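Biologist: Please take me through this model one feature at a time. For each, give the general idea and then the case here.

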Amino acid sequence: LSSALMDLESGKINSIFAEEYTAAYIVARNENLTYINRDRTTNYSMMTLDSNKEVYDILNNAIKDMKADGTLDSLIANELKAYIESDPVAKDLPHFDGAQTIKIGVTGDVPPMDYVAANGKAAGFNIALLTEIANRATVNFEFVQIDSAARATALSTGKVDAVFWTKGFVCSNCDKSLAEEIDGTVITESYFSSPAALVMLKSDK
């Protein structure tokens, strides 16, 4: 993301494709930038190996339950929206002695959802999401920082057990979703959906 912003401000690229909350987060910190929504909805999920059914079930079942009982709506309203204007604060996840530990890959490239603070600790909306899952499933989560492009490799090599993933987008003038499962993986239900957006220089709008 930092590299893309440098390229945008230098004129090497004309825009950055982002989710609306990320676009708002970026624009709130860059007075020369603006964004416009696109006719697409981006869906955020978690991805693991299809051979790792236990991890998939823990994540997917918790997400389904949180959607059904309104917890996800509450987290989005009270956690995600608050981070647009104020930087997310790094928080410790719950820890349960003797419980299973699941390694989660984080990139820091999708603030305020997938965000890494200046001290190197993960922060943002996904901390709130995983805190709720941990408390429901009595599991421990360990964050492993990885490059966004290396998420699938990190999964296949066992460096992490799961990653945050864009399940795909839908739009009124296209007939398929993008960025769905890749070979050997499985994706949970979406935990968050939002319009896509283009971030650009105000002078280019």
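The turns below cover helices, helix packing, cores, single residues and backbone geometry.

Modeller: One caution before the features: this is a predicted model.

Biologist: Where should I begin with a helix, and what length is expected for α3 at 1.5 Å a residue?

Modeller: Begin with the rise along the axis. α3 has 16 residues, so at 1.5 Å a residue the helix should span 22 Å, and its end C-alpha atoms are indeed 22 Å apart. Helix α5, residues 125-137, can be read in the same manner: its 13 residues reach 19 Å from first C-alpha to last, close to the 18 Å expected.

Biologist: Which residues of these two helices are buried?

Modeller: The general idea first. An α-helix has 3.6 residues a turn, so residues three or four places apart point the same way. In α3, the buried residues are Val55, Ile58, Leu59, Asn60, Ala62, Ile63 and Met66. In α5, Phe125, Asn126, Ile127, Ala128, Leu129 and Leu130 are buried, as are Ile133 and Ala134.

Biologist: How do I read the packing of α3 against α5, and at what angle do they cross?

Modeller: Take the axis separation and the crossing angle together. The axes of α3 and α5 come within 10 Å and cross at roughly 105°. An angle from 65 to 115 degrees counts as roughly perpendicular, and α3 and α5 are therefore roughly perpendicular to each other. On the α3 side the contact uses Ile58, Leu59, Ala62, Ile63, Asp65 and Met66, and on the α5 side Leu129, Glu132, Ile133, Arg136 and Ala137. By class, that contact has eight nonpolar, no polar and three charged residues.

Biologist: What are the angle and axis distance for α3 and α4?

Modeller: Helix α3 (residues 53-68) packs on helix α4 (residues 71-80) at about 80°, with the axes 5 Å apart. That angle makes α3 roughly perpendicular to α4. Ile63, Met66 and Lys67 of α3 meet Thr71, Leu72 and Leu75 of α4. The classes in this contact are four nonpolar, one polar and one charged. Just after α3, Gly70 takes a positive phi of about 90°.

Biologist: How many residues does the largest nonpolar core have?

Modeller: In soluble globular proteins, nonpolar side chains tend to be buried together. Here the largest nonpolar core has 35 residues, and Ile133, Phe141 and Tyr191 have the most contacts inside it. The elements that each supply at least two of its residues are α2, β2, α3, α4, β3, α5 and β7. Of these, α5 gives the most, with seven residues. Phe141 shows how such a core is knit together: beyond its neighbours within four places in sequence, Phe141 is in contact with Leu59, Leu93, Ile102, Ile104, Leu130, Ile133 and Ala134. Apart from this core lies another, of 10 residues, among them Leu8, Ala23, Ile26 and Val199.

Biologist: Now single residues. Is Thr22 buried or exposed?

Modeller: Use the relative accessible area: under 20% counts as buried and over 50% as exposed. Thr22 lies in helix α2 and has a relative accessible area of 2%, so Thr22 is buried. Setting aside neighbours within four places in sequence, Thr22 is in contact with Val110, Pro111, Pro112 and Met113.

Biologist: Where are Ile13 and Asp183 found?

Modeller: Ile13 is in the loop between α1 and β1, and at 29% Ile13 is partly exposed. Beyond neighbours within four places in sequence, Ile13 is in contact with Ala4, Asp7 and Leu8. Asp183 is in the loop between β7 and β8, and at 81% Asp183 is exposed. Distance along the chain is another matter from distance in space: the C-alpha atoms of Asp183 and Leu49 are 134 residues apart along the chain and separated by 9.0 Å. For Ile13 and Leu130, 117 residues apart along the chain, the C-alpha separation is 34 Å.

Biologist: Which peptide bond is cis, and which residue just after α5 takes a positive phi?

Modeller: Read omega for the peptide bond and phi for the residue. The bond from Pro111 to Pro112 is cis, with omega near 5°, and Pro112 sits in the loop between β3 and β4. The positive phi belongs to Thr138, near 50°, in a residue other than glycine. Thr138 is in the loop between α5 and β6 and is partly exposed, with a relative accessible area of 42%.

Methods: Residues numbered from 1 in each chain as written. Predicted model: local features only at pLDDT ≥ 70, side-chain atom pairs only at ≥ 80, totals over all residues. Heavy atoms only, no water. Helix = DSSP H or I, 4+ residues; strand = E, 2+ residues; numbered from the N terminus. Expected span 1.5 Å × (residues − 1). Buried < 20%, exposed > 50% of the residue type's maximum accessible area, 1.4 Å probe, protein only. Axes fitted to C-alpha atoms, helices over the stretch in contact; angles between N-to-C directions. Parallel < 35°, antiparallel > 145°, perpendicular 65-115°, else oblique. Contact = heavy atoms within 4.5 Å. Nonpolar A, V, L, I, M, F, W, Y, C, P; charged D, E, K, R; others polar. Core = buried A, V, L, I, M, F, W, Y, C linked by side-chain atoms within 4.5 Å.
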